[in-house]
Amino acid sequence: MKRVLFVCVDHSTRSQMAEPFAPTHGGGAVEAWRAGSRPSGKVNPRAIAAMKERGYDLAAHGSKSVDDLPPAPPFDAVVTMGCGDACPSVPARLREDWAIPDPRDMEPARFREVRDMIETKVRELLRRI
């Protein structure tokens, strides 16, 4: 089982969208987690709507901190999404930052482009791990 963690600053949009793509494209071989370095406490309604279009329901998701993750062995991959030094170090075999723009205030079409970019990058990551 591969373990992947997606981290963004406010844990309301990018990491929320990335997490469900990992088990979907990784089948039963991937366990995905998500968190934020400074969680906002809510999921962006635009992320909920964009992912609903793809068959994922984020409405019940919450926004949690990296500090709230259960203690566990190192992740196979930790992906930060544009949070730079605001993301704490989490033990992982592979660490990378995806410079994905924060779609929080983007028009719906551009928001979907970012969602699709995240899905593409998740697929590429899974092929490498």
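These legends describe close-up views of one predicted protein model.

Local features need pLDDT of at least 70, side-chain atom pairs count only at pLDDT 80 or more, and totals for chains, interfaces and linings use all residues. Residues are numbered from 1 along each chain as its sequence is written, and side-chain values use heavy atoms, with hydrogens and water left out.

**View 1. The whole chain has three helices and four strands.**
Helices (H or I, at least four residues) and strands (E, at least two) are DSSP runs, numbered from the N terminus. Read from that end, the order is β-α-β-α-β-β-α. The radius of gyration is 13 Å, close to the 14 Å of the globule rule for 129 residues, so the chain is as compact as a globular protein of that length. That radius is taken over C-alpha atoms, and the rule is 2.2 Å times the number of residues to the power 0.38. Along the principal axes, the C-alpha atoms fill a box of roughly 40 × 30 × 25 Å.

**View 2. Surface and burial are shown for the protein chain.**
Of the 129 residues, 47% count as buried. Buried means under 20% relative accessible area, exposed means over 50%, and partly exposed lies in between (1.4 Å probe, protein chains only). The accessible surface comes to about 6400 Å². Carbon and sulfur atoms hold 50% of that surface. Areas come from the Shrake-Rupley method with a 1.4 Å probe; for residues, only the protein chains shown count as cover.

**View 3. The largest nonpolar core has 27 residues.**
A nonpolar core is a set of buried Ala, Val, Leu, Ile, Met, Phe, Trp, Tyr and Cys residues joined through side-chain atoms within 4.5 Å. Phe6, Met17, Met81, Trp98, Ile118, Val122 and Leu125 touch the most other members. At least two core residues come from each of β1 (2–8), α1 (14–26), β2 (30–36), α2 (45–52), β3 (75–80) and α3 (108–128). Helix α3 gives the most, with six residues. Another core lies apart from this one. It has eight residues, among them Leu5, Val7, Ala35 and Leu69.

**View 4. Trp98 is shown with its contacts.**
Contact means heavy atoms within 4.5 Å. Neighbours within four places in sequence are left aside. Trp98 then touches Phe6, Val79, Thr80, Met81 and Gly82. Trp98 is also in contact with Ile118, Lys121, Val122 and Leu125. Across the chain, residues 24 or more positions apart account for 71% of the contacts with a separation of 6 or more.

**View 5. Ser40 sits in the loop between β2 and α2.**
Ser40 is partly exposed, with a relative accessible area of 37%. Beyond its neighbours within four places in sequence, Ser40 is in contact with Asp10, Ser12 and Ser63. Ser40 and Val7 are 33 residues apart along the chain, and their C-alpha atoms are separated by 13 Å.

**View 6. Arg95 lies in strand β4 (residues 92–97).**
Arg95 counts as partly exposed, at 39% relative accessibility. From Arg95 to Ser40, the C-alpha to C-alpha distance is 23 Å. In sequence, these two are 55 residues apart.

**View 7. Pro73 is placed in the loop between α2 and β3.**
Pro73 is exposed, with a relative accessible area of 54%. Pro73 and Met51 are 22 residues apart along the chain. Their C-alpha atoms are separated by 30 Å.

**View 8. Glu107 is found in the loop between β4 and α3.**
Glu107 counts as exposed, at 60% relative accessibility. Glu107 and Val4 are 103 residues apart along the chain, with 29 Å between their C-alpha atoms.
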